[in-house]
Protein chains: 2
Amino acid sequence: MEKTLPHYKKLHLALRQGILSGAIAKGSLLPSENELSARYNITRATVRQGLQELVREGFIEKRMGIGSVVVNDRKTLGLLTFKGFSEVLESTPLSSTTQNLKMGTTAVWPSPFFYEPTASEKEAGCFFLERLRSVEGHPVMLEFTYIPQKGVPNFFENMENGSLFATLQQEYKIEILKVLQDVRAIHAPEAILKRLELIDNTPVLHINRKYLTNTSDFHIYSSLYCNTTKYSISNFFN
Amino acid sequence: MEKTLPHYKKLHLALRQGILSGAIAKGSLLPSENELSARYNITRATVRQGLQELVREGFIEKRMGIGSVVVNDRKTLGLLTFKGFSEVLESTPLSSTTQNLKMGTTAVWPSPFFYEPTASEKEAGCFFLERLRSVEGHPVMLEFTYIPQKGVPNFFENMENGSLFATLQQEYKIEILKVLQDVRAIHAPEAILKRLELIDNTPVLHINRKYLTNTSDFHIYSSLYCNTTKYSISNFFN
DNA sequence: AAGTGGTCTAGACCACTGC
DNA sequence: CAGTGGTCTAGACCACTTG
């Protein structure tokens, strides 16, 4: 039984399709809100709800007094910002590896936790994952990831290939919508320095992340320690 | 003459203020949309518009059948969106100041430059701007900004109030579309440490940025040094 | 059953941009 | 000036969660 999509979502998908297929050229104007409203037999409020999603995705921009301009015709926009490690590097000539140091399950989340899990997440317990990423043989990132034990049966079995986000999306239809993060420069504890093959007192980049997903009350938490002596952490967002 | 803010924006700021100040505890529920609607004498549609902004910022999450849960109450600097420094802090209880250390013009860009300016930018020369941002009296960020001398006549005269991005947008219709950035943890030079009132060897967060604008062949370049001992740098992507 | 957020309608007036 | 997006009202019905 297919449930029919909300009107605003149908409009959103139709327009997105038009943009991605090239039928609506980059740089051109979308039909006005009033026209879309008439054409789709929905009110302007509903049209705006659909357009808003396109704005959020970076496909269009609204120009007061003018209309909605198509400013992009490619997908992957929002995703570039928090691509996983492997995806970021796969298009470079650099060789990269990921080493799983620990994987496990615990009923009790670490405490104090860098972002407080929600009550139901706390109750569910979590999977944890400790990984070391290296580029050209040099360790660059130590990653501690925590995933609630909710709605992800057989998680580790499904994750054998190592791509966390791909697994979540394919097996459980969990998609990352946003990332909230906190960045600091710190003196890392000895144990972490050793993993990153750094000498004492080398500054380390510390990032705490909370990923928001399309699943209500389900977040992924990561704490990253980065050796930025050779490679910096870069990102691109809009 | 103060222009009065839209109702949804007033609601948004009021709630954000409440969350940041701790008056509305993390983990608690916001008043329901109906109640906010009644309390502020606005319709529910307008309430939803205001709440939506809080969702986008990662302060609350909506739970179907439950309400709006406060999931974040950080008092950190959400600087990586391209809102400027002042805009980020204006609705928090934290007091912030900006001190202009240097402003000037030079025909020759610094070299080597952290992101290479384009040929025409190089030829045009640049304005430079050195500013120190403080929160609650503590210096948190030393900012070096470089702007091409192209299409921005009387730039410094127009920028007296200190809001760089607002000036660019209002006076010159230049809007920031995207940001490319590079982040590292470093040992900062003595001169920079001193400005940030840090002792020797304290790790410093260093960010190099290239802002892409709606104006062709016009970029803004910034190099930021952040004292993250007290406040971390935070952001959210979507 | 009662309350919440999710979707939607049918209007209205305003500020802004272009001609 | 006409047309655009920005804001807003006063309703309505639905799906979902909890007691």
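Trainee: What lies 3.4 Å from a polar side-chain atom of B:S32?

Mentor: A phosphate oxygen of DNA strand C. We'd call that a polar contact, meaning a pair of N or O atoms within 3.5 Å; within protein, one atom must be able to donate a hydrogen and the other to accept it, and residues adjacent in sequence count only if both atoms are side-chain atoms. Keep in mind that this is a predicted model: local features need pLDDT (the predictor's confidence in each residue, from 0 to 100) of at least 70, side-chain atom pairs count only at pLDDT 80 or more, and totals for chains, interfaces and linings use all residues. As for conventions, residues are numbered from 1 along each chain as its sequence is written, chains are lettered from A and ligands numbered from 1 in the order in which they are written, and side-chain values use heavy atoms, with hydrogens and water left out.

Trainee: Which residues reach a base nitrogen of strand C?

Mentor: Two to look at. An N or O atom in the side chain of B:R44 is 2.7 Å from a base nitrogen of DNA strand C. For B:G65, a polar backbone atom is what sits 3.3 Å from a base nitrogen of that strand. Then step back to secondary structure, where helices (H or I, at least four residues) and strands (E, at least two) are DSSP runs numbered from the N terminus. Two or more residues each come to the surface near DNA strand C from α1 (7-21) and α3 of chain A, and from α3, β1 (60-63) and β2 (67-70) of chain B. The biggest giver is α3(A), with four residues.

Trainee: Which residues come nearest to strand C, and how much of the DNA side is sugar and phosphate?

Mentor: "Near" means that a heavy atom of the residue lies within 4 Å of the molecule or strand. Of the 24 residues around DNA strand C, the nearest are A:H7, A:T46, B:E33, B:R44 and B:R48. On the DNA side, 69% of the strand C atoms within 4 Å of the protein belong to sugar and phosphate.

Trainee: And what surrounds strand D?

Mentor: Again 24 residues, with A:E33, A:R44, A:R48, B:H7 and B:T43 coming nearest. Sugar and phosphate make up 72% of the strand D atoms that come within 4 Å of the protein. The side chain of A:R44 has an N or O atom 2.7 Å from a base nitrogen of DNA strand D. Phosphate oxygens of strand D lie 3.3 Å from a polar side-chain atom of A:K62 and 2.9 Å from one of B:T46. The elements giving two or more residues here are α3 (44-57), β1 (60-63) and β2 (67-70) of chain A, plus α1 (7-21) and α3 (44-57) of chain B. With four residues, α3(B) gives the most.

Trainee: How do I read a core, and which residues have the most contacts inside the largest one?

Mentor: A nonpolar core is a set of buried Ala, Val, Leu, Ile, Met, Phe, Trp, Tyr and Cys residues joined through side-chain atoms within 4.5 Å. Buried is under 20% relative accessible area, exposed over 50%, partly exposed in between (1.4 Å probe, protein chains only). The largest core has 20 residues, and those with the most contacts inside it are A:V183, A:L205, B:M141, B:V183, B:L205, B:C226 and B:I233. In both chain A and chain B, β5 (138-148), β6 (176-187), β7 (203-213) and β8 (219-226) each supply at least two of its residues. Apart from it there's another core, of 18 residues, including A:W109 and A:L142. Back in the largest one, B:V183 has contacts (heavy atoms within 4.5 Å) across the chains: beyond four places in sequence, its partners include A:V183, A:L205, A:I233 and B:L205.

Trainee: Is A:L36 buried or exposed?

Mentor: Buried, because its relative accessibility is 1%. A:L36 is in helix α2 (residues 33-40) of chain A. Beyond four places in sequence, A:L36 touches A:L11, A:L15, A:P31, A:N41, A:V47 and A:L51.

Trainee: What does the side chain of A:T213 reach?

Mentor: Two backbone oxygens: that of A:T215 at 3.1 Å and that of A:F218 at 2.7 Å. A:T213 is in strand β7 of chain A and counts as buried, at 10% relative accessibility.

Trainee: Where is confidence lowest in chain A?

Mentor: Among the elements of chain A, helix α4 (residues 85-89) is lowest, at a mean of 51, while helix α8 (residues 190-195) is highest, at 95. Over residues 76-83 of chain A the pLDDT is below 50, though this stretch has 18 contacts in the model beyond near neighbours in sequence. The mean pLDDT of chain A is 81, with 86% of its residues at 70 or more.
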